[in-house]
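Me: I would like to learn how to read cysteines, surface charge and helix positions from a model. Could you take me through these features one at a time?

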Amino acid sequence: MGMTIGEKILAAKNKKKYVEPGELIIADVDIVLANDITAPLAIKEFKNAGAKKVFDRKKIVLVPDHFTPNKDIKSAEQAKILRDFAYEQKLTHYFEQGQAGIEHVLLPEKGIVVPGDLVIGADSHTCTYGALGAFATGVGSTDVAFAMMTGKAWFKVPSTIKFIYKGKLNKWVYSKDLILFTIGDIGVDGALYKVMEFSGPVIEKLSMDARMTISNMAIEAGGKAGLIEVDDITLKYVKGRAERKWKIFKSDRDAKYEKIIEYDCEKIEPQVAMPHLPENTKPVSKLEKVSIDQSVIGSCTNGRIEDLRIAAKIFKGKNVNSRVRCIILPGTQNVYLQALKEGLVEIFIKSGCVMSPPTCGPCLGGHMGILAKGEVAISTTNRNFVGRMGHPESFVYLASPAVAAASAVAGRIISPEDL
Amino acid sequence: MQIRGKAWKFGDDIDTDAIIPARYLNTSDPFELAKHCMEDADKTFIQKVKKGDIIVAGKNFGCGSSREHAPVAIKYAGVSCVIAKDFARIFFRNAFNIGLLIFESEEASQKINEGDEIEIDIKKGIIKNLTKNEEYKVKPIPEFMQELVAAGGLINYAKQKFSIK
């Protein structure tokens with residue numbers, strides 16, 4: 001019987017011809033990733049086990065990105081654990097401030113993840129690399145410790161749900177709207193333990209930046225991975241930056257899907273996910289008046305150059321509402337530099353936005369834009385749980401960079417159409 | 001092995017930010033994390049919970065981030081196990097990896113009320129509600145996960161099965 005992309009990658013990494021959903025396997029991993037929150041626990045477990053050396057110093061990636069530049073003494077101590085370990089183990093992929101950025105923007109950009117890889121990361125948004133045709137999934141710190149010692153991880157082979165996006169995108173509708181709409185449709189546990197395979201004519205036309213936004217949020221539907229088949233757009237992105245040889249896996253025609261869901265994109269308007277779950281979606285046009293205190297544009301979901309171009313186009317010649325703080329978070333140093341070269345940074349600053357260094361920062365209520373009690377934010381990030389961006393009684397609405405930029409100007413949540 | 005404790009009820013989709021808010025993640029000290037266990041779901045939980053007590057929740061418990069700090073905070077708060085209709089997948093694997101007992105039971109998730117006295121026979125896979133005099137079935141734990149539990153978590157499993165350098 002045929003297999004899906006996800007099944008094929010897991011089979012290959014388990015040196016098998018065939019795997020089926022439900023099977024428990026221990027597979028070889030290509031990249032093991034952790035950050036300044038999750039790596040310290042992993043390093044502690046690694047040392048507790050009596051391990052002295054990582055299995056392969058080229059395959060462990062450590063990125064301090066959550067509370068960096070270090071927000072307080074405790075965070076500085078955490079980041080130091082990564083740095084010391086990276087030097088002690090002579091890791092080739094440790095990224096210090098200045099070379100770094102948000103891990104899930106950084107790894108594809110540097111060519112560290114390539115198509116066909118099996119990647120585990122102690123960060124739930126590791127699923128972003130599914131856009132490159134890699135099986136990438138979030139795990140915990142102990143999984144990372146185990147993988148640093150053995151080069152392996154355990155998996156239950158998941159079944160796959162196929163999503164087909166048909167038709168054409170409406171004006172002001174972006175990949176963020178597609179994934180928010182999808183999560184709104186199937187719910188935050190709609191793909192629990194499953195692979196989401198994104199396909200169809202609309203996906204085929206999206207750029208890599210846009211595809212990564214979709215795969216990034218597979219976890220918000222409970223998904224284990226968010227895969228997109230490799231095509232010419234993927235290969236064009238990968239060529240010239242890939243560190244290793246890649247392998248292309250495609251789903252067989254007779255692959256077995258648990259479900260196939262089709263969407264007519266012509267019916268999808270710009271979306272917003274209301275507090276306090278990403279599944280609480282609504283078309284922006286159906287939202288009652290919501291005034292905002294803050295707009296956050298960036299993150300591992302929407303912090304790539306294309307996202308900043310979309311936002312800048314809206315800000316050009318306009319001002320951020322005087323009652324709104326608008327924070328721009330470029331995904332990496334490289335994205336920041338590119339935005340500078342293209343004049344986007346000048347547009348942002350002239351409009352009254354504040355430029356943040358690349359960091360996860362406010363997305364998880366870390367630093368660089370925390371909400372006070374009762375405050376409301378529109379954000380291009382991925383989660384709007386209770387207390388996610390600060391005070392437990394603050395409110396986060398999720399949307400695309402276009403909606404977040406237009407709302408920053410208007411002082412309330414609006415569609416760019418109405419600006 | 002038997003577990004006995006009082007039930008604390010939570011709803012559906014309890015996320016890892018509610019279990020341990022990110023503002024406390026600048027440390028990985030388990031006892032420090034435990035002080036804020038469930039804080040954004042129930043501010044007073046940590047004052048009320050007693051050693052051996054049980055968390056009973058609805059669907060998709062532990063959704064959101066991959067932070068292992070979530071099951072760690074629950075474990076070090078003295079909670080003996082979590083019963084839910086089902087668990088988000090990263091939380092599920094983290095719990096087994098660090099040796100926090102979790103049980104999937106739709107029946108128990110629905111029928112147990114806050115404050116009920118619960119006893120669990122792990123071997124038989126039965127949850128007893130001593131207050132209501134009811135019994136609920138537990139979804140069987142896959143064989144590999146049982147091996148992990150028996151070994152005392154993933155790191156001990158690694159020590160037993162692999163040569164660690």
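Reply: We will go through the cysteines, then a charged patch, then one helix residue, bearing in mind that this is a predicted model.

Me: How many disulfides are there over all chains?

Reply: A disulfide is a covalent bond between the sulfur atoms of two cysteines. The rule applied here asks for a pair of cysteine sulfur atoms within 2.5 Å, and by that rule the count over all chains comes to zero disulfides.

Me: Why does Cys363(A) form no bond with the closest cysteine sulfur?

Reply: The closest cysteine sulfur to that of Cys363(A) belongs to Cys300(A), and because the two are 6.2 Å apart, they are too far for a bond. For Cys265(A), the closest cysteine sulfur is in Cys127(A), at 20 Å, which is again too far for a bond. As for accessibility, Cys265(A) is buried, with a relative accessible area of 0%, and Cys363(A) also counts as buried, at 7%.

Me: Which residues form a positive surface patch?

Reply: Lys53(A), Arg57(A), Lys58(A) and Lys90(A) form such a patch. Of these, Arg57(A) sits in the loop of chain A that runs between helix H2 (39-48) and strand S3 (60-63), and its relative accessible area of 38% makes Arg57(A) partly exposed.

Me: Where does Gln146(B) lie?

Reply: Gln146(B) is part of helix H7 of chain B, which covers residues 143-151, and with a relative accessible area of 44% Gln146(B) is partly exposed. Its C-alpha atom is separated by 8.9 Å from that of Phe96(B), although the two residues are 50 residues apart along the chain.

How values were computed
Residues numbered from 1 in each chain as written. Chains lettered and ligands numbered in written order. Predicted model: local features only at pLDDT ≥ 70, side-chain atom pairs only at ≥ 80, totals over all residues. Heavy atoms only, no water. Patch = residues over 30% accessible without salt bridge, like charges linked within 9 Å, V, L, I, M, F, W, Y side chains within 5 Å. Areas by Shrake-Rupley, 256 points an atom, 1.4 Å probe, with all protein chains shown as cover. Salt bridge = Lys/Arg side-chain N within 4 Å of Asp/Glu carboxyl O. Lys, Arg positive; Asp, Glu negative; His and termini not counted. Charge placed at Lys NZ, Arg CZ, Asp CG, Glu CD. Helix = DSSP H or I, 4+ residues; strand = E, 2+ residues; numbered from the N terminus. Buried < 20%, exposed > 50% of the residue type's maximum accessible area, 1.4 Å probe, protein only.
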